[in-house]
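Reader: Hi! I'm new to reading protein structures. Could you walk me through this one?
Author: Happy to, let's open it up together.

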Amino acid sequence: MPHPAPPKPSAWITATLRAAHQLYDQPLILRDPLALRLLGAECEAELRADAQRQQHPLAAAMRTTMAVRARLAEDSWHEAHANDVQQYVILGAGLDSYAYHAESASDARIYEADLPAMQQWKRACLRAADIKEPANVRYAATDFTASALLEDLQQQGFDAARPACCSWLGVSMYLKPDEVMRTLREIADCAPGSSIVFDYCVHRKQLSDNERAGLDFVAASLAAQGEHLHSSFEPQLLEHMLRHHGFRQIEHIGPEELSARYGAKLNGIFRMIRATV
């Protein structure tokens, strides 16, 4: 089967980085045994033949950033699941393959929330790769710019009265600030004990000169593919807004902590927060 075209370039970039990480980085930060299959045979062959470009420091840094943020989200879910949380919500799932190879989560309900076109694309990719959809996965079609997220999740069986662990990676920076906060408010309305791990773009006035240059390069590269960065936040102001909306515990997980935890050097352009209701 020919590989279907992706609706959003950023989703394809992330999927390619996940696959390249499996080939070109040791030790692995993120184990994803399905990443290469999801690309399709032709794209996998191109990636395997791309060793020289993959050794470039920028390519390696992009892979590391992707791997670390995804690993943190999965580790947070594993910790929540070990404490009897039975709902995992992957917001903006793209080609995330966790639900399709994680046997340890077979007793939980996993919700993938994304644009309808993105979900159609992903499921076509799964079929092309002959990857089965597990019975515990539900697809909640939503639009972070317009939809009521909790309603969309509840239509697929999500229980807002029970705690959930959520991950939201590589999405907030493409949304306007009010759209970001609307989604976070909805998560704050979930049951006590619910949490979300997400990344965001740091406001440029809090970046170093080198980080600002890196941000400008990333923004220009994305704009050339039709996607634009629309939001950035000051960490302390973002924490204030999260507490205002009902999150009790806020953990800023910066590049130094992530580097120490996963043995990978990161920049500070995009940072991560884990917020608990």
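Author: One term before we start: a residue is called buried when its relative accessible area is under 20%. Also keep in mind that this is a predicted model.

Reader: Okay! Is strand β1 buried or exposed on its two faces?
Author: Both faces are covered, with Gln-87, Val-89 and Leu-91 buried on one side and Tyr-88 and Ile-90 buried on the other.

Reader: Why do the residues split up into two sides?
Author: Side chains in a regular strand alternate between the two faces of the sheet.

Reader: And what does that say about the strand as a whole?
Author: Strand β1 covers residues 87–91, and five of the five are buried, so the strand is largely enclosed by the rest of the structure.

Reader: Which strands is β1 joined to?
Author: One is β2 (residues 109–114), which runs parallel to β1 and is joined to it by five bridges. Another is β4 (residues 165–168), also parallel to β1, with four bridges. For example, Val-89 has Tyr-111 as its bridge partner in β2, while Ile-90 stands opposite Ser-167 in β4.

Reader: Nice. Switching topic: how many salt bridges are there?
Author: The count comes to 16, taking a salt bridge as a side-chain nitrogen of Lys or Arg within 4 Å of a carboxyl oxygen of Asp or Glu.

Reader: Can you show me one that links distant parts of the chain?
Author: Sure, take Lys-8 and Glu-227, whose closest N and O atoms are 3.1 Å apart. Lys-8 sits in the segment before α1 and Glu-227 in the loop between α10 and α11, 219 residues apart.

Reader: Are those two buried or exposed?
Author: Lys-8 counts as partly exposed, at 29% relative accessibility, whereas Glu-227 is buried, at 6%.

Reader: What about Asp-96, which residue does it pair with?
Author: Asp-96 forms a salt bridge with Arg-18, at 3.7 Å from N to O. Asp-96 is in the loop between β1 and α6, and Arg-18 is in helix α1, 78 residues away along the chain. Both of them are buried. Together with Asp-32, they are linked in a network of salt bridges.

Reader: Which strands are tied together by Glu-251 and Arg-274?
Author: Their side chains meet in a salt bridge of 3.0 Å, N to O. Glu-251 lies in β6 and Arg-274 in β7, so the pair ties together parts that are 23 residues apart in sequence. Glu-251 counts as partly exposed at 23% relative accessibility, and Arg-274 as buried at 12%.

Reader: Now the loops. Where is Leu-207?
Author: Leu-207 is in the loop between β5 and α10. This residue is buried, with a relative accessible area of 5%. Residues it touches include Val-202, Arg-212 and Gly-268. The C-alpha atoms of Leu-207 and Gly-268 are 7.4 Å apart, though 61 residues separate the two along the chain.

Reader: Last topic, the surface! Which residues make a nonpolar patch there?
Author: Leu-58, Met-62 and Phe-217 make a nonpolar surface patch of about 270 Å². Phe-217 lies in helix α10 and is partly exposed, at 46% relative accessible area.

Reader: And how far does helix α5 reach?
Author: Helix α5 has 26 residues (57–82) and reaches 37 Å from its first C-alpha to its last, close to the expected 38 Å. Just after α5, Asp-84 takes a positive phi of about 75°.

Key
Residues numbered from 1 in each chain as written. Predicted model: local features only at pLDDT ≥ 70, side-chain atom pairs only at ≥ 80, totals over all residues. Heavy atoms only, no water. Patch = residues over 30% accessible without salt bridge, like charges linked within 9 Å, V, L, I, M, F, W, Y side chains within 5 Å. Areas by Shrake-Rupley, 256 points an atom, 1.4 Å probe, with all protein chains shown as cover. Buried < 20%, exposed > 50% of the residue type's maximum accessible area, 1.4 Å probe, protein only. Expected span 1.5 Å × (residues − 1). Contact = heavy atoms within 4.5 Å. Pairing = 2+ DSSP bridges. Lists of a residue's contacts leave out its neighbours within four places in sequence.
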